[in-house]
Amino acid sequence: MTETAHAATGATADDAAETNLHEQRGNPARPHEPAHEPAHEPAHEPANGPAHGAANGPARARVTPGGLLKGLLKTTRPKQWIKNTLVIAAPAAAGRLFSGHALLTLTLTFVLFTACAAAVYLINDARDADADRAHPTKCRRPVAAGRVPVPVAYAAGGVLAVLGPLLAAWLTPPLVPALLTAYLGMQLAYCVALKHVLVVDLVVVTTGFLMRAVIGGVALGIPLSRWFLITTGFGALFMVSAKRYSEAVQLAGKAGATRALLTEYTTGYLRFVWQLAAGVAVLAYCLWALEGHHTPAAGLLPWRQLSMVAFILAILRYAVFADRGTAGEPEDVVLRDRALALIGLAWLAMYGLAVAHW
């Protein structure tokens, strides 16, 4: 079975890359290393058999109810749930974030989107369990390690994939379940085939982020500015392609360290994509910010227009890490770089003042 892809967000189109360079070496659980076998094990047992490495949790590990629930939760990638907060982007930009109805609707939308994303992770890991067992780091995933049986992962993913759109059809406007269904279809198609298609894989990852931003506006019936959509889409493409570029730079020449498709991209091409995306995102944001220039100023200063400075600085600062090939983990770049964090807070403050008409 072909090795599982990781994109923007890893095994699925949304998953963040989980393979770090220091984990590629010295792993005692590689399938071809039969050392440290218990004395009662047959010496001739195949290295890629069910018990391929005790250090990583053998596939034959005893399943307990507590361990199963913990494994299922880990498989849904809780660390990645933060990406789903993009559902508040459009309502926040429109100044419609703090009413009771908006908060309830957005919370529900966040939960339903998270459930659909979790369904994709569960089904993907169940489908790629065999390939993951042969991978130096993915073999630690609960399904590959045997802590979550493959049929259970399929069943849990299927239940979430059905319940998410059904509950949305009952509790939210009609376009929300339609978007969730489209998201599920796109992500599952990515897991099966699209992750092996050049350029299309980048588009699918980017579209997943864009759908998060769109669904919040759709849930509250907020008209979406064309500039908002362009900024969000190309901003996502900038981070996705910078991530891929960093992976290509760091893993160059390391056979088997990542999926085959990444080796088909050249670093020059990926650099071109993230530079193009950054330029379009900046231009679109400026046009979006200037849309209201003809209206009378409602605040002390034109905060919306001034926020362009912080946005451009944030793009330029992030591009430093992309250029170095160290933007492989976007969440780490955003959270750990103090300058970028301060720029982000300044942008939030200025745009918040613009929305509040101060």
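The crossing of helices H9 and H11 is left-handed, and this pair is a convenient place to enter the structure, which is a predicted model. Two packed helices are described by the angle between their axes and the distance between the axes. For H9, which covers residues 226–250, and H11, which covers residues 267–290, the axes come within 8 Å and cross at roughly 155°. Because an angle over 145 degrees counts as roughly antiparallel, H9 and H11 are placed in that class.

A residue that helps to picture this region is Phe238, which is found in helix H9. Its relative accessible area is 2%, so Phe238 is buried. Leaving aside neighbours within four places in sequence, Phe238 is in contact with Trp274, Ala277 and Ala278, and also with Ile315, Tyr318 and Ala319. One of these partners, Tyr318, stands 80 residues away from Phe238 along the chain, while the C-alpha atoms of the two residues are separated by 9.7 Å.

From H11 the reader can move on to helix H12, made up of residues 303–324, which packs against H11 at an angle of about 170° with the axes 9 Å apart. Here too the angle leads to a simple description, and H11 and H12 are therefore roughly antiparallel to each other. On the H11 side, the residues that meet H12 include Arg271, Trp274, Ala278, Tyr285, Cys286 and Trp288, whereas the H12 side contributes, among others, Arg304, Gln305, Met308, Phe311, Ile315, Ala319 and Asp323. Trp274 and Ala278 of H11 take part in this meeting with Ile315 and Ala319 among the H12 residues, and these four residues are also among the contacts of Phe238.

Seen as a whole, the protein chain comes to 14 helices and zero strands. Of its 358 residues, 48% count as buried. The accessible surface of the chain comes to about 16,900 Å², and 71% of that surface belongs to carbon and sulfur atoms.

Another buried position can be followed in helix H3, which runs over residues 100–127 and holds Thr105. With a relative accessibility of 11%, Thr105 falls under the 20% limit and therefore counts as buried. When residues up to four places away in sequence are not counted, Thr105 touches Ala219 and Leu220.

The cysteines raise a separate point. A disulfide is a covalent bond between the sulfur atoms of two cysteines. With a pair of cysteine sulfur atoms required to lie within 2.5 Å, the count comes to zero disulfides. Among the cysteines, Cys116 counts as buried at 0% relative accessibility, and Cys191 is likewise buried, with a relative accessible area of 3%.

Two loop residues deserve a look for their backbone. Arg77 lies in the loop between helix H1 (65–75) and helix H2 (89–93), and its phi is near 60°, a positive value in a residue other than glycine. Val199, placed in the loop between helix H7 (175–192) and helix H8 (200–220), also has a positive phi without being a glycine, with a value near 70°. As to exposure, Arg77 is buried, with a relative accessible area of 8%, whereas Val199 counts as partly exposed at 38% relative accessibility.

Note on methods
Residues numbered from 1 in each chain as written. Predicted model: local features only at pLDDT ≥ 70, side-chain atom pairs only at ≥ 80, totals over all residues. Heavy atoms only, no water. Buried < 20%, exposed > 50% of the residue type's maximum accessible area, 1.4 Å probe, protein only. Helix = DSSP H or I, 4+ residues; strand = E, 2+ residues; numbered from the N terminus. Contact = heavy atoms within 4.5 Å. Areas by Shrake-Rupley, 256 points an atom, 1.4 Å probe, with all protein chains shown as cover. Axes fitted to C-alpha atoms, helices over the stretch in contact; angles between N-to-C directions. Parallel < 35°, antiparallel > 145°, perpendicular 65-115°, else oblique. Left-handed = near helix turned anticlockwise from the far one by under 90°.
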